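The report that follows describes one chain, moving from its overall form to a few chosen residues. Please look over the sequence and the structure before reading on.

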Amino acid sequence: MTLHRLSTAVELLRTNGLYRRYALARLSSTVGTTVAPLGLAFAVIQSGGGPAALGFVLMGGLLVFLAVTPVAGVVADRLPRLSVIVACQLVCGVGQCVAAALVLTGTASVWSLAGLEMLTGAAGAFFQPAVKGLVPRLVAPGPMLVQANALLQIAGNAVAIAGPGLAGLVIAGSGPGVILAWDAVTFFVSAGVFLTVRLPSAVRHERRGFMADLVEGWSAFRSRRWLWALTALSALTSACWAAGMSVLGPIYATRYLDGAVSWGLVTSAIGIGLACGSITSLLFPPGRVGLLLCVTPIPEALLLAGMASNAPLPLLAGAAVLTGAAGTLQLIVWTSHLQEAIPAEQLSRIMATNAMIGTLLVPVAYSLAGPLADLVGVRAVLAGCAAVVVGGAAAAVCVRDVRDLNARG
C-alpha cells in the first residue's frame with residue numbers, strides 16, 4: 001500500500017503538467033520566504049531594535065493582514081485566482097527589494113521596515129486564499145488531493161532544512177540585507193512561473209453583491225462547529241508561536257545560545273521535521289482528522305518548554321524536529337480536508353476566514369511578548385506560551401464534532 005501511494009504521487013507529477021508548474025511556482029517563492037523571517041528579525045536588531053521593536057514590525061504586517069483578509073477571500077472567489085496570485089507575488093517582490101536596499105545601505109529604520117512589512121502583509125492576505133483555492137482545480141478530489149498538498153510541502157520543506165542554517169551564516173558574514181534581496185528575486189521568479197499556468201474556464205456561479213458574498217462566507221464558516229473550534233485552537237497556537245519563536249526566539253538565541261548561527265540550526269531542525277511530516281502524510285494519510293489536529297500542537301509546547309528550561313541545543317533541535325513534523329502534518333491534513341469538505345465557490349472565503357481568525361491573536365502576541373519579557377523574563381514568557389498551547393489542545397478535543405471529524409473520500 002505504501003509503495004502504491006508513492007507511485008501514485010510520482011505519477012501525479014509526471015502526468016499533470018498544470019500541477020507541476022503550480023508546484024514549481026510555489027517552490028520558487030518558498031526558496032526565499034523560508035529564510036526571509038530570519039533576515040527581517042536580524043535587520044531589526046541590526047538597526048538598534050530589541051524585542052519590542054521586532055514585535056512592532058511583525059505586528060504591523062499582521063494587522064494589515066487581518067484587516068484585508070475578509071475582503072481577500074471574496075475577491076479570490078469572484079476574480080480569476082491566477083491573476084490575484086501573480087499580482088500579489090509582484091507586490092511582495094517590490095516590497096522586499098526596497099527593504100533589502102534600505103538594509104544594505106544602512107538607512108533602514110524600525111518604521112520603514114514596519115511599513116514594508118505592512119505592504120507584504122496585505123499582499124499575503126490576498127495570496128493565501130487564492131493559491132490554496134486553486135489546488136482543487138488542478139487535481140482530482142479524494143486521496144489525490146492529500147498527495148498533491150503533501151508533495152507541495154515536501155518540496156518546500158526540503159528547502160527549509162538547509163535554508164535557515166545557511167541564512168544564519170550569510171547574516172553573520174554579510175548581513176541580513178542579502179537575505180531580503182534574495183527573497184525579492186524569488187517572488188519575481190514565482191510570478192513568472194505562475195503566468196505559464198493556463199487553466200480551463202471555470203463554471204461561474206451567480207453572484208449577488210460583494211457584501212452578500214462576504215456575509216454568505218461568514219455564515220458558511222459559522223455553521224460548522226468543528227471548523228470554528230479547530231480555528232480557535234489554531235489562533236492560540238499561532239499566537240504562542242509568534243511570541244515564543246518569532247519575537248523572543250532570536251532574543252533567546254542571542255542571550256542563551258550563540259546568536260544567529262545557533263538559531264539557524266534550530267530553525268533548520270524544524271525544516272527537517274517539516275520534511276518528515278510531509279512524507280508521513282503522503283505515505284500514511286490519517287483517518288481521524290479531528291484527533292490528529294488536537295495532538296499536533298503538543299510538540300510546539302515541548303519546544304517552548306525546552307527553551308523556557310534552558311535545555312541544551314541538541315535537545316532543542318530534537319524538539320524542533322518534532323514540532324516541524326507535527327506542524328506540516330497538521331497543515332496538509334487541514335488544508336486537504338477543507339478543500340474536500342467546502343464547496344469550491346465558497347472555498348477561498350472559508351480559508352480567508354480561517355486565516356483571519358487563526359491569526360487574530362498574533363498581533364496581540366507581537367505587541368505583548370517584548371514588554372512581558374522585559375517584565376518577567378524571556379524564559380517565563382516561553383513557559384506561559386507552552387501552557388497555553390497544551391490548554392488549547394485539551395479544550396478543542398472536548399468538542400464532539402472535532403473528535404468525530406474523519407477524513408473524507
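Helices are DSSP runs of H or I with at least four residues, and they are numbered from the N terminus. In this predicted model, D404 is found in the segment that comes after α18, a helix covering residues 400-403. With a relative accessibility of 43%, D404 counts as partly exposed, because the partly exposed class lies between the limits of 20% and 50%. Although D404 and W226 are 178 residues apart in sequence, their C-alpha atoms are 8.9 Å apart in space.

**The chain as a whole**

The secondary structure of the chain comes to 18 helices and 0 strands. A compact globule of 409 residues would have a radius of gyration near 22 Å, and the chain, at 20 Å, agrees with that expectation. Along its principal axes the C-alpha trace spans about 55 × 45 × 45 Å. Buried residues make up 54% of the 409 residues, and of the contacts with a separation of 6 or more, 89% join residues that are 24 or more positions apart. The accessible surface comes to about 16500 Å², and 69% of this area belongs to carbon and sulfur atoms. As for charge, the chain carries 23 positive and 14 negative side chains, with the centres of the two sets lying 5 Å apart.

**The nonpolar cores**

The largest nonpolar core holds 65 residues, and those that touch the most other members are L113, L248, L303, L304, M307, Y366 and L382. Leaving aside neighbours within four places in sequence, L304 is in contact with C240, G244, M245, L382, C385, A386 and V389. Apart from this core lies another one, of 30 residues, which includes F127, L151, L152 and F187.

**Helix α13 and the residue N310**

Helix α13, which runs over residues 298-308, is mostly covered, since 8 of its 11 residues are buried. These buried residues are P299, E300, A301, L303, L304, G306, M307 and A308. E300 has its place in α13, and its relative accessible area of 9% makes E300 buried because the limit for that class is 20%. Not counting residues up to four places away in sequence, E300 touches T237, C240, W241, T323 and V389.

After this helix comes the loop between α13 and α14 (313-341), in which N310 is found. The phi of N310 is near 60°, a positive value in a residue other than glycine. Most residues other than glycine have a negative phi. N310 counts as partly exposed, at 35% relative accessibility.

**P250 in helix α10**

P250 lies in helix α10, which covers residues 225-256, and with 2% relative accessibility P250 counts as buried. Beyond the residues up to four places away in sequence, P250 touches A41, F42, I45, L54, M245 and W263. P250 and G377 are 127 residues apart in sequence, and the distance between their C-alpha atoms is 14 Å.

The table gathers the accessibility of the residues discussed above.

| Residue | Relative accessibility | Class |
|---|---|---|
| P250 | 2% | buried |
| E300 | 9% | buried |
| N310 | 35% | partly exposed |
| D404 | 43% | partly exposed |

Technical notes: Residues are numbered from 1 along each chain as its sequence is written. This is a predicted model: local features need pLDDT of at least 70, side-chain atom pairs count only at pLDDT 80 or more; totals for chains, interfaces and linings use all residues. Side-chain values use heavy atoms; hydrogens and water are left out. A nonpolar core is a set of buried Ala, Val, Leu, Ile, Met, Phe, Trp, Tyr and Cys residues joined through side-chain atoms within 4.5 Å. Buried means under 20% relative accessible area, exposed over 50%, partly exposed in between (1.4 Å probe, protein chains only). Contact means heavy atoms within 4.5 Å. Helices (H or I, at least four residues) and strands (E, at least two) are DSSP runs, numbered from the N terminus. The radius of gyration is taken over C-alpha atoms; the globule rule is 2.2 Å times the number of residues to the power 0.38. Accessible areas come from the Shrake-Rupley method with a 1.4 Å probe; for residues, only the protein chains shown count as cover. Lys and Arg count as positive and Asp and Glu as negative; His and the chain ends are not counted. The place of a charge is taken as NZ of Lys, CZ of Arg, CG of Asp or CD of Glu.
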